[in-house]
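Please open the model in your viewer and keep the sequence panel beside it, since each stop on this tour begins with a selection.

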Amino acid sequence: MTVIDEKPPALWRNRNFVLLWIGSAASVMGSRVSGIALPLLVLALTGSPVQAGWVAFAGMLPDLLLYLPAGPLVDRWDWRRVMVLSELGRGLAVCALVISLVFGTPGIALIIAVAFVEGALGVFYRLAERLSVPSVVPEGQVAGALAANETRMNSALLLGRSLGGFLFGLGRAVPFVVDALSFAVSFGTLVSMWGTTRRPTRERRHILREMIEGLSWVGRDPFLRADLVVTVGVGICVHALILTFLAGAQQHGVSPFLIGVTLSMPGIGGVIGALVAAPIFRRFGFSVTLAQTWIWAGALAFPLLGVDVLPVTGALLVTGFIGSVGNVSMNMYLVRQAPAHMLGRVSGVALMALFVGNAVGPLYGGFLAEHLGVDAVAPILFAGMVLLAVWATTVPAIRRPPAFTTGSTA
């Protein structure tokens, strides 16, 4: 009897993967749309950069609080059920905001609650989605599937913010209606998939102990520890600049569409950076950390000309580019240096550090803009970034980083 090996269908003929990709694309795009529309809504309702900063902070706070404990939890549960429930919850939260906008004026407490719920459920959604790919595509197609997902993320960053600003210009409720519809599309594609449910892991782990082990490993690694300090500082400066630009643009009547286009620049820079990151890293290794810190400082010199469309466009384009290169360096360091059995926990610590800066930045920028004025913020951010670059230059672990190796340290 002859056994015929049947090749798996091509990636884009894989029904489950296509459904997953389309649903996730819709979900990510919707989140990007509302992500730019929420602070615009608060600025339109209150005129307060501080309150807009609190809303942005509420949306990012779950990234600080939940990534470390959510990882082990999602490992225990069925990934598709996690994604379905996350989309259902996020959709209901956004619908509550739409209803409030249609029949009246939402309070700041409701807006903050919606931002927090969407951010919290988004953490579980993104972690579960990472588990989904090996379940819906054959092993030999996993790399291609992950590459397709990365393209989706960059495209969402490029298009979502521009679309969010444009839709907000059509009406305050419009971007949130689109966001709610995006969750409905994602929910529909997930429940339409078949044969993908896996048996969740029943092992009960000591979550707190695992998180402490990850934190301890990072604390003992001088290069990674210093690199994460730079990551936090850059995140604060860049996201403070974004909030300051939003406040200034609102004061000067810049169109929401142009605001969205400006804030899509990190996506453009990130795509370009991703294309050249690998050869740059092969040439310079982990020493790119010091160079990128000074490049970030140089990028924040552009807004000294004015926190306006063109200077901020240049700053965000450069920061997006060098940030993409830095992400390659960071991920490569984690893969090569962290013990294999601790990679998830160490990566969680790195993600938490990233979101510390992203969450604190809008609060910092909103405070400075409201109390000192928009024009005073740029010199403060530039000076802070220069001081951070000077500090990084004095740190031996960054000035003389570990050599690029192929092994892991125990």
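Is Ile-272 buried, partly exposed or exposed? Before selecting anything, keep in mind that this is a predicted model. Now select Ile-272, which is found in helix H10 (residues 265-284); with a relative accessible area of 43%, Ile-272 is partly exposed. Add Gly-320 to the selection and draw a distance between the two C-alpha atoms: although Ile-272 and Gly-320 are 48 residues apart in sequence, they are 8.8 Å apart in space.

Next, select helix H2 (residues 49-76) and show the side chains of Trp-54 and Phe-57, which lie three residues apart in this helix, or about one turn. A search of the whole structure finds one aromatic pair, and it is edge-to-face because the rings of Trp-54 and Phe-57 have their planes at 90°, with their centres 5.8 Å apart. Trp-54 is partly exposed at a relative accessible area of 43%, whereas Phe-57 is buried at 16%.

Stay on helix H2 and turn to the salt bridges, of which a search of the whole structure finds two. In one of them, Asp-63 meets Arg-126, with the closest N and O atoms 3.0 Å apart; this pair links distant parts of the chain, since Asp-63 belongs to helix H2 and Arg-126, 63 residues away, to helix H4 (residues 108-136). Asp-63 counts as buried, at 5% relative accessibility, while Arg-126 is partly exposed, with a relative accessible area of 32%.

For the other salt bridge, select Glu-87 and Arg-90, whose side chains meet at 2.6 Å, N to O. These residues are separated by about one helical turn, because they are three residues apart in helix H3 (residues 79-103). Both partners are buried, Glu-87 with a relative accessible area of 1% and Arg-90 with 3%. Add Tyr-125 to the view, and you will find the charged end of Arg-90 over its ring, 5.1 Å from the ring centre.

Now switch to a surface display and colour Leu-163, Phe-166, Leu-170 and Phe-257, which form a nonpolar patch with about 380 Å² of accessible area together. Helix H5 (residues 142-170) supplies the largest share of this patch, three residues. Phe-166, which is found in helix H5, counts as partly exposed at 41% relative accessibility.

Finally, select helix H9 (residues 256-263), where the buried residues are Ile-259, Gly-260, Thr-262 and Leu-263. They lie on the same side of H9, because they cover an arc of only 160° around the axis.

How values were computed
Residues numbered from 1 in each chain as written. Predicted model: local features only at pLDDT ≥ 70, side-chain atom pairs only at ≥ 80, totals over all residues. Heavy atoms only, no water. Patch = residues over 30% accessible without salt bridge, like charges linked within 9 Å, V, L, I, M, F, W, Y side chains within 5 Å. Areas by Shrake-Rupley, 256 points an atom, 1.4 Å probe, with all protein chains shown as cover. Salt bridge = Lys/Arg side-chain N within 4 Å of Asp/Glu carboxyl O. Helix = DSSP H or I, 4+ residues; strand = E, 2+ residues; numbered from the N terminus. Buried < 20%, exposed > 50% of the residue type's maximum accessible area, 1.4 Å probe, protein only. Arc of directions from axis to C-beta. Phe/Tyr/Trp six-rings, centres within 6.5 Å; stacked < 30°, edge-to-face > 60°. Lys NZ or Arg CZ within 6 Å of the ring centre and 35° of its normal.
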